[in-house]
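Visitor: I should like to go through this protein and its ligand step by step. Please guide me from the overall fold to single residues.

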Amino acid sequence: MSSAPNTKQTPKPNSYAHAPRLPEADPISLADLVRPGAPIELEIGPGRGGFLFERLAAVPDLCMLGFEIRRKWATIVDDKLKAAGLGERARVFSEDARVALPRLPAASLSRIYIHFPDPWWKKRHEKRLVVNPTLLPNVARALVPGGELFVQTDVEDRAAEYQAAIDAFEGLTPVAGGPRLEENPFLARSPREHRAMKDGLPIHRLLYRKP
Ligand SMILES: C[S@@+](CC[C@H](N)C(=O)[O-])C[C@H]1O[C@@H](n2cnc3c(N)ncnc32)[C@H](O)[C@@H]1O
């Protein structure tokens with residue numbers, strides 16, 4: 001008698017279970033993460049990481065951190081940085097930026113980038129939004145005086161919402177001639193930015209500074 005085919009699925013091992021995480025210490029010492037003494041910038045949601053590599057190549061004395069909620073991309077990009085010999089200058093951690101940012105020391109970052117965030121449009125997904133009212137005080141707290149927040153998106157309504165929220169927040173002020181910028185002045189572009197440019201989409205850029 002032939003037995004019935006085994007239709008039970010074997011669960012796949014989670015190959016990113018060991019994704020890099022921030023240390024438990026509170027507050028975290030950034031000197032334990034990247035080479036001490038250099039200015040440190042943070043990218044929230046680096047995805048495939050292209051901006052980190054381009055920015056590190058453009059500014060050789062800079063260090064960078066990335067908080068990427070997707071374990072897979074945090075692992076792949078962090079491994080790639082190490083393989084490229086950049087592990088002392090940059091790390092990507094599998095973290096929800098909304099939870100991780102308050103854990104960084106105050107006045108420790110020279111710039112925070114948020115490129116093309118929040119690809120969710122349904123009301124019930126609002127809780128996923130990275131740029132939300134609670135993020136801004138944490139951004140201002142983590143920046144050094146004179147430190148900057150750069151946000152860009154190809155969705156005009158989102159740009160208008162971000163601008164209204166940041167304008168209403170006292171801890172950040174538009175840069176001279178800003179907050180809207182025509183160009184990205186940071187000598188590096190994110191993967192989505194490259195794609196938007198190739199597709200001829202308008203990009204809305206905002207730059208604010210901590211007074
Ligand atoms: C639309 S993608 C843009 C990727 C990249 N910034 C770019 O411009 O090419 C948004 C990225 O943000 C990440 N992300 C979303 N919410 C996040 C959160 N709370 N903390 C950290 N990363 C987050 C997503 O996993 C994704 O990689």
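Guide: The exchange below moves from the whole chain to the ligand and then to individual residues. The model is predicted, so local features need pLDDT of at least 70 and side-chain atom pairs count only at pLDDT 80 or more, while totals for chains, interfaces and linings use all residues. Residues are numbered from 1 along each chain as its sequence is written, and side-chain values use heavy atoms, with hydrogens and water left out.

Visitor: In what order do the elements of the protein chain run from the N terminus on?

Guide: Helices (H or I, at least four residues) and strands (E, at least two) are DSSP runs, numbered from the N terminus. The protein chain has six helices and eight strands. Their order is β-α-β-α-β-α-β-α-β-α-β-β-α-β.

Visitor: What share of the residues in the protein chain is buried?

Guide: A residue is buried under 20% relative accessible area, exposed over 50% and partly exposed in between (1.4 Å probe, protein chains only). The C-alpha atoms fill a box of roughly 80 × 40 × 35 Å along the principal axes. Of the 211 residues in the chain, the buried share is 46%.

Visitor: What part of the contacts with a separation of 6 or more comes from residues 24 or more positions apart?

Guide: A contact means heavy atoms within 4.5 Å. Among contacts of the protein chain with a separation of 6 or more, residues 24 or more positions apart account for 77%.

Visitor: Which helices each supply at least two residues of the shell around the ligand?

Guide: A residue belongs to the shell if one of its heavy atoms lies within 4 Å of the ligand. There are 20 such residues, and the closest are Gly45, Glu68, Asp96, Ser190 and Arg192. The helices that each supply at least two shell residues are H3 (97-100) and H6 (191-198).

Visitor: How much of the accessible area of the ligand does the protein cover?

Guide: Polar contacts are pairs of N or O atoms within 3.5 Å; within protein, one must be able to donate a hydrogen and the other to accept it, and residues adjacent in sequence count only if both atoms are side-chain atoms. A polar side-chain atom of Asp96 lies 2.9 Å from a ligand nitrogen, and a polar backbone atom of His115 is 3.0 Å from a nitrogen atom of the ligand. Ser190 places a polar side-chain atom 2.7 Å from a ligand oxygen. Of the 590 Å² of accessible area (Shrake-Rupley method, 1.4 Å probe; for residues, only the protein chains shown count as cover) that the ligand has on its own, the protein covers 90%.

Visitor: Against which elements do the buried residues of H4 pack?

Guide: Six of the eight residues of helix H4 (residues 135-142) are buried. They are Leu135, Leu136, Asn138, Val139, Ala140 and Ala142. The elements they pack against are H3, strand S4 (109-115), strand S5 (143-153) and helix H5 (156-167).

Visitor: Is Asp78 buried or exposed, and which side chain does its own side chain contact?

Guide: Asp78 lies in helix H2 (residues 71-83) and counts as buried because its relative accessibility is 1%. Not counting residues up to four places away in sequence, Asp78 touches Pro20, Ala90, Arg91 and Val92. At 2.9 Å, its side chain makes a polar contact with the side chain of Arg91.

Visitor: Is Asp32 buried or exposed?

Guide: Asp32 is placed in the segment before strand S1 (40-44). Asp32 lies 39 Å from Glu156, C-alpha to C-alpha, and the two are 124 residues apart in sequence. Since its relative accessible area is 61%, Asp32 is exposed.

Visitor: Which residue does a cis peptide bond join to Gly178?

Guide: One cis peptide bond joins Asp26 and Pro27, with omega of about 0°, and Pro27 lies in the segment before S1. Another, with omega of about 10°, follows Gly178. Its partner sits in the loop between strand S6 (173-174) and strand S7 (180-181); the residue is Pro179.

Visitor: Is Leu187 buried or exposed, and what of Phe116?

Guide: Neither is a glycine, yet Phe116 has a positive phi of about 50° and Leu187 has one of about 60°. Phe116 is found in the loop between S4 and H4, whereas Leu187 lies in the loop between S7 and H6. With a relative accessible area of 63%, Leu187 is exposed; Phe116, at 8%, is buried.
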